[in-house]
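Thanks for coming, everyone. Let me put the structure up, and then we will walk through it piece by piece.

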Amino acid sequence: MQLQRLFFGTAAHCIRTSCFFTFQPISFPWHLKSYRHSDLLYRQKCVLNMNNKVEEFAETSFTKGIEDVSNETKWETPEALKDVKGKVISILYCDDSIIVINKPSKLRSVPGHASPAKAHCNTPSGKWYTESKQVKGAPPIGDKKRDYHATWALALKQASEKYAKDGVEMGHPSVGGLIRSLAALPNASVVPRKRRTFIRYCGRTNTKLIDFSKSIELDPSIDFGSLDVEKREDQRSIVEKIAERTFTQIYNYQRPMLNLPVPTADHESAYGQLRLFGLEPSADIPIKIVHRLDMETSGVMVFARNDCAASKLCEYLREREVIQKQYIAQVREWPPFHEKRINTGVINFPLSPSDERLKWKVDKDGKASETRWKVVKEADDGTVTLLLKPITGRTHQLRIHCATVGSGIIGDSLYGNDPVQWTEDITNKTSILHLHAHRLSFPHPINKKPLSFQTPPPW
């Protein structure tokens, strides 16, 4: 028992002392499912004889057993968000690798389009796109691949011309020197257009792009840490550092040339608000998006702050069983419970895109979709509160499954027996979707420490 206390610490000890069987050694499985069905809870279930309370205890104990990881720090609301009432994120946890937030309803998870695309593509100088080494004439609107190839090469050329006028030498260990070297390649279309691939390409070909024998004065605006320009083993890392800033410079030239709609403002998305809070690693290293919630859905989200954490979180999501997601929803009619008094079940309805814009539908030939549900509460008017666990992650999965089995989630504007008229007004309570991402549990992507976050629904 002493060894067990030493291993699990105070948190596990508090769980043991809250039980009826304090003096018997018990195992403490960290996986939620095994803990729920452990011998300890089975004995408690016999004593309490209340399934819902035992289940609630299991969920709460799981969170406490892992750790209360929410930061106590009060994040000061940025000036740009002080006039945004009701649609401001709250930060639950933040370290060098991840950020966990609570997203309010009617707020985008990621930036969207605030206006439609223009009829043609413009260059940074305001002239119509008319020239490129690869393509002559204005690029066709519908050919995105050709647009990106052509405009990337043109952006690289224009950026190089700008630095040439500023007197930056080709091959100098700076952003301007690297851009001039890339533009001087026989075929500029070989330069990758994706950030990570671009950085690796520059690092791999560093001896061709940067001439370290000419100058050892590095770009003062870039933090190189302890890297030494005179050491051959550090030169690749130095070029990769420069490449991070270089990619942003070229992309800033390319973006106005593309047929892209105007993006939403930072305060209009959870991702943008994180930037306003100053949590983006740097201007050249954006926050990584690993998953998202519907605009109408509130609840817990996680973002990555570096490539390593993003890769690991995406791996967790693909494996499905590693990340535990739970949602709370309210429905007015739930036949399995109201008619047959069934408390738990599994919904298996394949889903596919609908002909209607923004909607999906049940389709026997669609993608497999599974949702586990449990009734946790029934109100006096018959409204049922459900605990939902999506096994798969299809678009609108929970909303469609609830609408297919029952009357649909309260406040849903797309599915159900009586869809509401949607409005962006957060004070309009009738149009708020009663679906909340209640809990998110996963191992930390770097140190593997089990983490769990939960927030109550706003309705």
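**Helix 13 and onwards**

Helix 13, residues 397–405, is mostly covered, with seven of its nine residues buried. The buried ones are Gln397, Leu398, Arg399, Ile400, His401, Cys402 and Ala403. Before I go on, keep in mind that this is a predicted model.

Next, strand 11. How many of the nine residues of strand 11 are buried? Eight are, so this strand, residues 435–443, is largely enclosed by the rest of the structure.

Now its partners. Strand 4, residues 298–304, runs parallel to strand 11, and two bridges join them. On that side, serine 298 stands opposite histidine 436 of strand 11. Strand 5, residues 324–331, is antiparallel to strand 11, with six bridges between the two. Here alanine 329 has leucine 435 of strand 11 as its bridge partner. Then there is strand 12, residues 450–454. Strand 12 is also joined to strand 11, by five bridges, and the two run antiparallel. Look for serine 441, which faces serine 452 in strand 12.

Strands 11 and 12 make a hairpin, with six residues between them. Lysine 448 is in that turn. What is its phi? Positive, about 65°, although lysine 448 is not a glycine. As a reminder, most residues other than glycine have a negative phi. Lysine 448 is partly exposed, with a relative accessible area of 41%.

There is another positive phi to show you. Arginine 341 is not a glycine, yet its phi is about 55°. Arginine 341 belongs to the loop between helix 12, residues 335–338, and strand 6, residues 344–348. Its relative accessibility is 48%, so it counts as partly exposed; the upper cut-off for that class is 50%. Arginine 341 also lies over the face of phenylalanine 337, at 4.0 Å from the ring centre.

A second charge over a ring is at lysine 162. The charged end of lysine 162 sits over the ring of tyrosine 163, 4.4 Å from the ring's centre.

**Helix 9**

Helix 9 covers residues 232–254. Does the length add up, or what span should we expect for helix 9? At 1.5 Å a residue, its 23 residues should span 33 Å. The end C-alpha atoms are 33 Å apart, so the two agree. Helix 9 does bend, by about 25° at glutamate 244.

Which residues of helix 9 are buried? Asp234, Gln235, Ile238, Val239, Ile242, Ala243, Thr246, Phe247, Thr248, Ile250, Tyr253 and Gln254. Hold on to Phe247, because we meet it again in the ring cluster.

**Aromatic rings**

The count of aromatic pairs comes to seven. Take tryptophan 152 and phenylalanine 198. Their ring centres are 6.2 Å apart and their planes are at 85°, so this pair is edge-to-face. The angle cut-off for that label is over 60 degrees. Tryptophan 152 lies in helix 5, residues 144–165, and phenylalanine 198 in helix 7, residues 195–204. So the pair ties together parts that are 46 residues apart in sequence. Both tryptophan 152 and phenylalanine 198 are buried.

These two rings also belong to a cluster. Which residues do the ring pairs link? Trp152, Phe198, Phe247 and Tyr251. Phe247 is on the buried list for helix 9.

**Cysteines and a proline**

How many disulfides does a search of the whole structure find? Zero. Two cysteines to point out here. Cysteine 94 is buried, with a relative accessible area of 15%. Cysteine 202 is buried as well, at 0%. The cut-off for buried is under 20%, so both values qualify.

Last stop, proline 104. Proline 104 is found in the loop between strand 2, residues 98–103, and helix 5. Is proline 104 buried or exposed? It counts as buried, at 14% relative accessibility. Proline 104 and lysine 87 are 17 residues apart in sequence, and their C-alpha atoms are 5.7 Å apart in space.

To recap, strand 11 is largely enclosed, helix 9 bends at glutamate 244, and the ring pairs link Trp152, Phe198, Phe247 and Tyr251. That is my tour.

Key:
Residues are numbered from 1 along each chain as its sequence is written. This is a predicted model: local features need pLDDT of at least 70, side-chain atom pairs count only at pLDDT 80 or more; totals for chains, interfaces and linings use all residues. Side-chain values use heavy atoms; hydrogens and water are left out. Buried means under 20% relative accessible area, exposed over 50%, partly exposed in between (1.4 Å probe, protein chains only). Helices (H or I, at least four residues) and strands (E, at least two) are DSSP runs, numbered from the N terminus. Two strands pair if DSSP finds at least two bridges between them. The expected span of a helix is 1.5 Å times one less than its number of residues. The bend at a residue is the angle between axes fitted to the seven residues ending there and the seven starting there. A disulfide is a pair of cysteine sulfur atoms within 2.5 Å. Rings of Phe, Tyr and Trp (its six-membered ring) pair if their centres lie within 6.5 Å; planes under 30 degrees apart count as stacked, over 60 as edge-to-face and the rest as tilted. A charge sits over a ring if NZ of Lys or CZ of Arg is within 6 Å of the ring centre and within 35 degrees of the ring normal.
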